[in-house]
Amino acid sequence: MKLGEVVTVTIEEVAYHGQAIGTYKGYPIHMDNAFEHETVRCEITQVNRKFSRAKLVEIVEASADRIDMNRPDLMETGIAPYLNLAYPAQLKLKQKQVARIFENESIQTNVAPTIGMDNPSHYRNKTVVPMAYENGHLVTGFIKRQTANTVVPLDDYFVNDPVIDRVIGQVRDVLDAHQVTPFSDETGLGEMRYIMVRRGYYSGEVMVVLVTQTAELKDEDAIAEEIAAVVPGIKSVMLNYNPRNLHLMMSGDNRLLWGADAIHDTLLGIEFVIGPNSFYQVNPQTTEVLYAMAAKKGELTEQDTVIDAYSGIGTIGLTVANQVKQVLGVEVIARAVEDAQRNVERNQIENTSFVTADAPEQMQKWQAEGLEPNVIFVDPPRPGLTPELLDAVINMQPERFVYISCNPKTMARDIRYLLDRGFELSGDVQPLDQFPQTAHVETVAVLVPTK
Ligand code: SAH
C-alpha cells in the first residue's frame with residue numbers, strides 16, 4: 001500500500017471515535033465521513049504497520065441512512081462529524097458502538113437504545129471560537145480539521161444555541177469596529193484569541209468572555225459597553241488573559257469589564273451559579289434527562305447517604321439532595337468546589353458537603369473512616385476510574401453504584417473490574433446522546449453487589 005494510492009473499499013464499521021473502517025486485501029483502512037455498508041473510493045494518506053489512513057474521494061454506493069445537509073463548511077471542521085447521517089441512524093450507531101465495546105470486555109449485558117433529542121441541533125449552551133483576518137476584517141468560525149489554526153468562517157455552527165451564534169457575530173463586529181487584531185500563532189502578534197459565549201437555557205442570561213493574548217485590550221471599556229448595548233440578555237462581559245500557548249483555551253485570570261462575574265441557570269429546578277471557568281454540562285436539555293435517569297436508577301430513599309464523586313460544581317449531588325438523607329461530594333478543582341458551595345447556599349440546601357480532593361484518595365479515606373454510603377454516583381472524566389477508587393467502592397459495598405461516563409471504553413474496563421470482584425450489572429446499560437451530530441456518547445450503568 002502506497003501513499004497517494006486510490007482504492008475502493010466497503011465500510012464494515014464506524015468505530016467509537018467516528019472513524020469509518022474498511023479493509024483492502026485484509027488490511028484495515030480508516031477514514032472520516034463514511035458510514036457503515038458504504039462503498040467508497042479513498043486516497044491513502046498515511047501508511048502504518050497495522051492500518052492505513054485515507055481520505056474519502058468518492059462515495060460509490062451510499063448508505064440508505066446518508067443525508068445531505070449541504071454544509072461543506074461544517075464538514076471541513078470537526079464540529080459535526082455525523083451531520084450527514086440521519087439522526088435515528090446516529091442513535092443506533094452509538095448503541096451498537098457501546099454494545100461492541102462491552103462485548104470486547106466479555107461483558108454480557110443488554111445495551112438499551114440510545115436516548116436522543118427531539119430536535120438534535122442548536123443545543124449547546126456554550127462555545128469558544130477563534131478568529132482570523134479576512135480582507136482586513138475579523139471573521140469568526142472554527143478550526144479546519146487537520147490544521148493548527150486555519151479558521152473556516154461560520155455564521156450557523158449548527159450545534160450552538162442560535163442566540164449564541166448571533167452573539168458571536170455581534171461581539172466580532174464590535175471588536176472589528178475598534179480594529180482589534182486577531183492573535184496569530186505564526187507571528188505571535190495580535191490581541192484576541194477567542195470569543196467565549198455561554199447562555200443559560202432557562203434564564204436566557206448571557207456571558208461574553210474576551211480571551212486575549214494581551215493583558216489589556218485597547219478601548220476595552222468602550223468595547224464592553226457596546227457589547228452590553230447590542231447583546232440581548234447580557235449579564236456579564238469579562239476579559240480572560242491567556243498569554244501562553246496552553247492546551248487550555250482559557251486561563252484562570254479573569255477581569256470583569258461589565259456587569260456581574262457570573263450568570264445563573266437552573267437544572268431540575270436547582271439554581272446554579274456559572275462563572276467563566278466553571279465546568280457546566282453543555283447540553284442542558286439532555287443533562288436534565290441524564291440526571292433524572294441517574295437518580296431514578298439510584299432508587300434513592302430518604303434514609304440514604306449518597307456520594308457524588310467527580311462532582312464538578314455539584315450538579316448531581318444538589319439535584320438529588322432533596323430525595324436523600326445526605327450527600328457527600330468530592331471534586332479535585334478547588335474553584336469548582338467553591339462554586340458548589342455557592343450553589344448550596346443559593347438553594348438553601350442543608351444536607352450536602354463538598355470537599356476538594358482527589359476522588360480515589362478521598363474514597364479510600366471515607367472507607368477507612370467507616371463511611372457506609374447507600375448509593376455512590378461517579379461521573380469521571382475520560383480516563384475513567386482507578387483501581388484505588390474501585391477497591392474503595394468494593395470495600396464500602398454500597399447498595400447501588402451508578403456509573404455515568406463520557407467514555408464507554410474506560411467504563412467497560414472499570415465495570416469488568418467490578419464484575420470480577422463481587423458486583424453485577426443491574427438493568428440495561430443506557431447510552432444517551434448528550435452530543436448529537438458528534439462521535440461522543442454518554443452512558444449510564446448501575447452495579448450492585450452480587451447476592
Ligand atoms: N458531575 C459534574 C462534573 C463531571 S465532569 C457534572 O455533571 O457537571 C468530571 C469532573 O471530575 C470535573 O469537574 C473534573 O474537575 C473532576 N475531576 C477530574 N479528575 C479528578 C480527580 N482525580 N478527583 C476528583 N475530581 C476530578
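**Note on the predicted model: helix packing, domains and annotated sites**

1. In this predicted model, helix α3 (residues 162-177) and helix α4 (residues 220-230) have axes that come within 10 Å and cross at roughly 145°. The crossing of α3 and α4 is right-handed. On the α3 side the contact involves Q170, V171, V174 and L175, and these meet I223, E226, I227 and V230 of α4. By class, the residues of this contact comprise 6 nonpolar, 1 polar and 1 charged.

2. A second helix pair is formed by α2 (residues 87-104) and α10 (residues 408-419), which pack at an angle of about 35° with their axes 9 Å apart. The crossing of α2 and α10 is likewise described as right-handed. From α2 the contact draws on V98, I101 and F102, and from α10 on P408, K409 and A412. The contact of α2 with α10 has 5 nonpolar residues, no polar residues and 1 charged residue.

3. The domain assignment divides the chain into domain 1 (6-66), domain 2 (92-118 + 283-449) and domain 3 (126-267). Domain 2 is thus listed as two segments. Taken over C-alpha atoms, the centres of domain 1 and domain 3 are separated by 37 Å.

4. An unreviewed UniProt entry places the feature "binding site" at Q281, Y310, E331 and D379. Of these positions, Q281 is located in the loop between β14 (270-274) and α5 (284-297). Q281 is classed as buried because 20 other C-beta atoms lie within 10 Å, and 20 or more is the cut-off for that class. Apart from neighbours within four places in sequence, Q281 is in contact with T287 and T315.

5. Y310, another position carrying the "binding site" annotation in the UniProt record, lies in the loop between β15 (305-309) and α6 (315-320). Y310 has 20 C-beta neighbours inside 10 Å and therefore counts as buried. Leaving aside neighbours within four places in sequence, the contacts of Y310 are E331, A359, V378, D379 and P380. Among these contacts are E331 and D379, which the UniProt record also lists under "binding site".

6. The "active site" feature is placed by UniProt, again in an unreviewed entry, at C406. C406 is found in the loop between β19 (400-405) and α10. Is C406 buried or partly exposed? C406 is partly exposed, because 17 other C-beta atoms lie within 10 Å. Beyond neighbours within four places in sequence, C406 is in contact with R382, H440 and E442.

7. Two residues merit a check of backbone geometry. Most residues other than glycine have a negative phi. S106, which is not a glycine, has a positive phi near 55°. H122, also not a glycine, has a positive phi of about 50°. S106 lies in the loop between α2 and β6 (126-134), and H122 is found in the loop between α2 and β6 as well.

8. The surroundings of these two residues are classed as follows. S106 has 9 C-beta neighbours inside 10 Å and so counts as exposed. H122 has 16 C-beta neighbours inside 10 Å and therefore counts as partly exposed.

How values were computed
Residues numbered from 1 in each chain as written. Predicted model: local features only at pLDDT ≥ 70, side-chain atom pairs only at ≥ 80, totals over all residues. UniProt positions renumbered as here; feature names shortened; annotations may be inferred. Helix = DSSP H or I, 4+ residues; strand = E, 2+ residues; numbered from the N terminus. Buried ≥ 20, exposed ≤ 12 C-beta atoms within 10 Å, placed from the backbone. Contact = placed C-beta atoms within 7 Å. Axes fitted to C-alpha atoms, helices over the stretch in contact; angles between N-to-C directions. Left-handed = near helix turned anticlockwise from the far one by under 90°. Nonpolar A, V, L, I, M, F, W, Y, C, P; charged D, E, K, R; others polar. Domains from an automatic or database assignment.
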